[in-house]
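Here are some short exercises to work through with the structure open beside you. Try each task yourself before reading its solution.

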Amino acid sequence: ALTDAAQTFTIVLPKTLSTDSQTRLGKLRDEKTGPNFDRAYLRDVVFVNDQATGKTKSLTKNADSPAVKNLALTISADSEKQMKEAEWLMKGMINDE
């Protein structure tokens with residue numbers, strides 16, 4: 001859906017991760033497996049999905065195209081779900097300590 005929307009509106013999607021994303025990924029790769037990695041990963045899931053939700057909510061209000069608004073609504077709903085699941089998992093990790 002994202003690729004189709006990009007083609008429709010002549011938007012070039014990035015082929016590589018942004019510098020910020022590369023930095024976040026590098027930090028995760030440096031983390032040892034286990035609870036510390038799990039926490040770091042879940043924090044990143046919450047952060048990235050929070051950012052996506054904010055951007056897509058703006059699109060749902062400001063986009064002229066119904067197709068873009070619908071795509072933004074779908075992405076926003078998926079991001080909110082993933083964020084809540086990650087928060088729930090983090091809360092469970094804290095309760096297990």
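## Exercise 1: The overall fold

Along the sequence, the protein chain of this predicted model reads α-α-α-α. Task: work out how many helices and strands the chain has, and how spread out the chain is.

Solution, step by step:

- Start with the count: there are 4 helices and 0 strands in the protein chain.
- Next, take the radius of gyration, which is 16 Å, while the globule rule gives 13 Å for 97 residues. The value is well over the rule, so the chain is more spread out than a compact globule.
- Add the dimensions: the C-alpha trace spans about 50 × 25 × 20 Å along its principal axes.
- Finish with burial and surface. Of the 97 residues, 22% count as buried. The accessible surface is about 7,500 Å², and carbon and sulfur atoms contribute 56% of that.

## Exercise 2: Contacts across the sequence

Task: find what share of the contacts with a separation of 6 or more comes from residues 24 or more positions apart. Then use Ala86 as an example and say which residues it touches.

Solution, step by step:

- The share is 55% of those contacts.
- Now locate Ala86, which sits in helix H4.
- Check its exposure: with 2% relative accessibility, Ala86 is buried, since the cut-off for buried is under 20%.
- List its partners, leaving out residues up to four places away in sequence: Ala86 touches Leu42, Val45 and Val46.
- For a distance check, Ala86 and Glu31 lie 55 residues apart in sequence, and their C-alpha atoms are 18 Å apart in space.

## Exercise 3: Two serines in H4

Task: decide whether Ser76 is buried or exposed, do the like for Ser79, and name the residues that each one touches.

Solution, step by step:

- Place them first: Ser76 is in helix H4, and Ser79 is in helix H4 too.
- Read the accessibility: Ser76 has a relative accessible area of 6% and is buried. Ser79, at 5%, is buried as well.
- Now look for partners beyond four places in sequence. Ser76 touches Thr53, Thr56 and Lys57, while Ser79 touches Asn49, Ala52 and Thr53.
- Compare the two lists: Thr53 appears in both of them.

## Exercise 4: Charges and salt bridges

Task: find how many salt bridges the whole structure has, and describe each pair.

Solution, step by step:

- A search of the whole structure gives 2 salt bridges.
- One of them joins Asp44 and Arg24, with the closest N and O atoms 2.7 Å apart. This pair links distant parts of the chain, with Asp44 in helix H3 (residues 35-62) and Arg24 in helix H2 (residues 19-30), 20 residues apart.
- Consider exposure for this pair: Asp44 is buried at 16% relative accessible area, whereas Arg24 is partly exposed at 21%. The two values fall on either side of the 20% cut-off for buried.
- The other salt bridge joins Lys57 and Glu80, with the closest N and O atoms 3.1 Å apart. Here too distant parts of the chain are linked: Lys57 lies in helix H3 and Glu80 in helix H4 (residues 66-96), 23 residues apart.
- In this pair Lys57 is partly exposed at 42% relative accessibility, and Glu80 is partly exposed at 23%.
- Look around Lys57: leaving aside neighbours within four places in sequence, Lys57 is in contact with Ser76 and Glu80. The C-alpha atoms of Lys57 and Leu73 are 7.3 Å apart, with their positions 16 residues apart in sequence.
- Step back to the whole chain: it has 14 positive and 14 negative charges, and their mean positions are 3 Å apart.

## Exercise 5: A backbone angle to check

Task: find where Thr10 lies, and say why its phi deserves a second look.

Solution, step by step:

- Thr10 lies in the loop between helix H1 (2-8) and H2.
- Its phi is positive, at about 50 degrees, although Thr10 is not a glycine.
- Recall the background: most residues other than glycine have a negative phi.
- Last, check the surroundings: Thr10 is exposed, with 70% relative accessibility, as the cut-off for exposed is over 50%.

Conventions: Residues numbered from 1 in each chain as written. Predicted model: local features only at pLDDT ≥ 70, side-chain atom pairs only at ≥ 80, totals over all residues. Heavy atoms only, no water. Helix = DSSP H or I, 4+ residues; strand = E, 2+ residues; numbered from the N terminus. Rg over C-alpha atoms; globule rule 2.2 N^0.38 Å. Buried < 20%, exposed > 50% of the residue type's maximum accessible area, 1.4 Å probe, protein only. Contact = heavy atoms within 4.5 Å. Areas by Shrake-Rupley, 256 points an atom, 1.4 Å probe, with all protein chains shown as cover. Lys, Arg positive; Asp, Glu negative; His and termini not counted. Charge placed at Lys NZ, Arg CZ, Asp CG, Glu CD. Salt bridge = Lys/Arg side-chain N within 4 Å of Asp/Glu carboxyl O.
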